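Colleague: I'd like a close look at just one part of this: the pairing of charged side chains. Start wherever you like, and follow it as far as it goes.

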Amino acid sequence: MRRYRLIEHTADTGLVAYGKSLAEAYANAAYGMFSIIADLRRVSEVESRTIEVNERDKESLLFAWLNHLIYLFDVESLLFKRCDVTLFDGKSLVATCYGEKCDPSRHHIRIGIKSATYHMLTVDPEKNLVKVIFDV
Amino acid sequence: MAKWNGPLEKVDEYRWRIPQSYKQGMRVPGLIYASRQMLENILDEQAPEQVANVAFLPGIVHYSLAMPDIHWGYGFPIGGVAAVRIKDGVVSPGGVGFDINCGVRLLRTNLQYEEVKPKISALVDALYQGVPSGVGSEGKIRLKRQEIDDVLVRGSRWAVEHGFGRPDDLVTTEEKGEMPGANPEKVSGRAKERGAPQLGTLGSGNHFLEVAVVDNIYEPETAKVMGIDQKGQVMLLIHCGSRGLGHQVAGDYIKVMLDAMDEYRIDVPDRQLACCPVNSPQGKDYIAAMRCAANFAWANRQCITHWVREAFCRVLGKCEEEAGLELIYDVAHNIAKIEEHDVDGKKETLCVHRKGATRAFPAGHPDVPAKYAKVGQPVLIPGDMGRVSYVLVGTDLAMKETFGSTCHGAGRVKSRAAAKKLARGRDILKDLESRGIVVRTGNMSGLAEEASQAYKDVTEVVGVTHSTGISRIVAKTRPIGVIKG
C-alpha cells in the first residue's frame, strides 16, 4: 500500500498520507515529511523517542504531531524513518519514533521544513487519509 | 490546482478589485496590484481566494491588499497586506507567517567589479565558509540560557555590543533592529531551544547571500544618498529570517488563537487565519513574542553582516574603512506592525500585517532614518538567484493606498517539484557560471527548486509598483556570486 504522495503547491510542499487506520495515516504523514527532508534509505534506526501529543481535535493533533517532530529535528537533528503509534484516539497520540541523528556527510538532506501549516489541512477518518501543506 | 473563477473588476491597468459581495463575510473588498499579463498566472491558482479570505478578518480596513508578487501561500497569500484597527480588530500569526521577520539587507562597498572579479571565487568560498548555511546549520555563537532573552529584547543592538557590526548599522535598520515591546516570557522554551544554536545562520530554502554589482541607476540623486554611486559598484545582499525560533513562535500562537477564537466569536474561512483581538491577552502575548522573533532575526542578519565584512576584507586585502561595507538598509518582509495611518480622513492606529510585503515609507516620515528623510525609506527587492534585484524607495502614494507597503520579491510561479522538472541543479550551476555567477551551495536539489524559471520576473513585479506609484525604482543590481542555504 502506498504510504503517501506529494502535493505540489506553488510556494510550498505538501502531502497526502494513507493508512489502514487513521493512526497509521498519521505515522505515514511523519514518514512522508522526513522523506521530503532527507533520503531515508540512508537513515538507520539507532535512536528512539517516545512522543505524546494531546490536542483539541484531530486536525490540531496532526499539526502538533508533525511540528513536534520538526522541533526534534531542529534541536536534536533527529531524522525519523519509522513511527509506531501505540495510542491514538483522535485527540491524543503516543508514538515511539526510530531514526538517527542527521550526519550531513552520510545523509542526503533535500530541504528544510519550517512548519506544518493548517492551510488545506484535512483529516478524513472514513478514508484513513490526512493532508498537510508544509512551509519550506 | 484549479483556476480561480471568482469575480475580478478592473479598476485601472494595474489594479484589480475583488468585490466585497463575492463572499458573505468579507468586510472589505480585495485589491490586487498586477499587470494584465501577470494576472493570468495569478488566476491560475487560489491566491485571489486567499485575498478574499483575509477580508474576513475583524477590524480590517480599506482593502485586503495583494502586491504584484502575490502567489498562493498558506492562509494569507504571499504578497498580502492587511491593516486592522487595533481598537476592534485582530492580529493573526498567519498574517506574518512562520518565518517572522524574514527580511533583506544591502551593504554597499567602495569597490568596482573589476577589482573583485579576479577574486570572486575566493570571495564566494570565504563567504560560504564564514556564514553557516543549510538545513540544520548551527552557528558559531554559543548563547547561554540567559543570553537568548537579551537577544530577543535587544536584537541588533545585542549583536553590535558583542562585536558583530558597527553602531551605525542600527540607524539604517528598520526599527533600528530592536523592536520595543518584546517580552521573552511570552516565547516558549521550545522556541528558545530551537533558536539558541541557530543565531548567525542563513538557513535553507530561498535564503541566500549574494555578491552583486550595480547594473543600472534610475534616480542618481536618490541613489547617491544611499551610497550607490556608479554602475559596476559591488554590493552585498543578505536574505534570511528568524530560523527555528520564529517558526516555533508562529506555531505556538496559532494554537493559542485557535483555542481562544470561540471565546471571541471569531469565524474565519481557513484555520491558518486563526486570530484574536489585538487587545486581548492572546493578541498582546503574540505581538510581544513576535517582536522577540523579529529582534532575533535582526540580530541574526547583524551577526551574518559581521562575518560577511570579515570575509570580504580578508579576500580583497582591504581594511573595512577602505572597503566601505556600510549598511544601506535592512527591511523586514514578514511582520505585523502597529502604525498610524489615515483611514477615511482620520488618523487611526492599525496593526499592519505584511506577509511577503515590505514597508515603503515616504520621505519625511518620522520612522525613516534622518539620512533618508528627503528621499524616502529604501526598499530592497531581491529577484531570484540568476536574475537582478532592485532598490526602491517608499512614496506618499504608498501611505495613501497600501498602508506604506510594497512588494517583497519576485514571487513564485512554479512549485518546487515543477521547478526540479525544468532543470537539474547541476545544469543550473553551469548556466549561472557561464553567465559569470559563482555559486556555492551544500544542496544541489535545493538549487534546482530556486531556478529562475520558478519565479516571476522581478523586473515586471517592481515595474508594477513603480507604475502605480507605490514605490519608485532607484537602482538595479545583478548577481556575480551566490551562496544558497
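Modeller: Let's start with A:E24, which is partly exposed at 27% relative accessibility. Keep in mind that this is a predicted model. The partner of A:E24 is A:K20, and their side chains form a salt bridge with N and O 3.9 Å apart. That pair makes the list because the cut-off is 4 Å. A:K20 itself is exposed, with a relative accessibility of 66%. So this bridge has one partly exposed end and one exposed end.

Over in chain B, B:K3 and B:D44 pair up through their side chains, with 3.4 Å from N to O. B:K3 sits in the segment before β1 (9–12) of chain B, while B:D44 is in the loop between α1 (36–43) and α2 (47–54) of that chain, so the bridge ties together parts 41 residues apart in sequence. Both ends count as partly exposed: B:K3 has 47% relative accessibility, and B:D44 has 39%.

Now try B:D229 and B:R108, another side-chain salt bridge, this one at 3.2 Å, N to O. Here the pair ties together parts 121 residues apart in sequence, because B:D229 is in the loop between α8 (220–226) and β9 (233–240) of chain B and B:R108 is in strand β7 (residues 103–112) of chain B. The two ends sit in different surroundings by accessibility: B:D229 is partly exposed at 36%, whereas B:R108 is buried at 10%. "Buried" fits B:R108 because the limit is under 20%.

Those are a few examples; over all chains, the count comes to 51 salt bridges. The general idea is simple: side chains of opposite charge can pair when their charged atoms come close.

Now for the pairing between the chains. The rule finds 7 salt bridges across the interface of chain B and chain A. One to look at is A:R56 with B:D262, where the closest N and O atoms are 3.7 Å apart. Both residues also belong to a wider salt-bridge network. From chain A, that network includes A:E55, A:R56, A:D57, A:K58 and A:E59. From chain B, it takes in B:K255, B:D259, B:D262 and B:R271.

Salt bridges aside, there are 14 residue pairs in polar contact across this interface, with both residues at pLDDT 80 or more. As for what chain B brings to the side touching chain A, α7 (189–195), α9 (243–261), α13 (416–422) and α15 (444–449) of chain B each supply at least two residues. The biggest giver is α9(B), with 8 residues. By class, that side of chain B has 15 charged residues, along with 16 polar and 9 nonpolar ones.

To put the charged pairs in context, the contact takes 32 residues from chain A and 40 residues from chain B. The size of an interface is often given as the accessible area lost when the parts come together. Here, chain A and chain B bury about 3,100 Å² between them, and 52% of that is on carbon and sulfur atoms. So if you're browsing the interface, A:R56 and B:D262 make a handy place to begin, since a 3.7 Å N to O distance is within the 4 Å cut-off.

How values were computed: Residues are numbered from 1 along each chain as its sequence is written. Chains are lettered from A and ligands numbered from 1 in the order in which they are written. This is a predicted model: local features need pLDDT of at least 70, side-chain atom pairs count only at pLDDT 80 or more; totals for chains, interfaces and linings use all residues. Side-chain values use heavy atoms; hydrogens and water are left out. Contact means heavy atoms within 4.5 Å. Buried area is the accessible area (1.4 Å probe) that two parts lose on being put together, summed over both. A polar contact is a pair of N or O atoms within 3.5 Å; within protein, one must be able to donate a hydrogen and the other to accept it, and residues adjacent in sequence count only if both atoms are side-chain atoms. Helices (H or I, at least four residues) and strands (E, at least two) are DSSP runs, numbered from the N terminus. Ala, Val, Leu, Ile, Met, Phe, Trp, Tyr, Cys and Pro count as nonpolar, Asp, Glu, Lys and Arg as charged, and the others, Gly among them, as polar. Buried means under 20% relative accessible area, exposed over 50%, partly exposed in between (1.4 Å probe, protein chains only).
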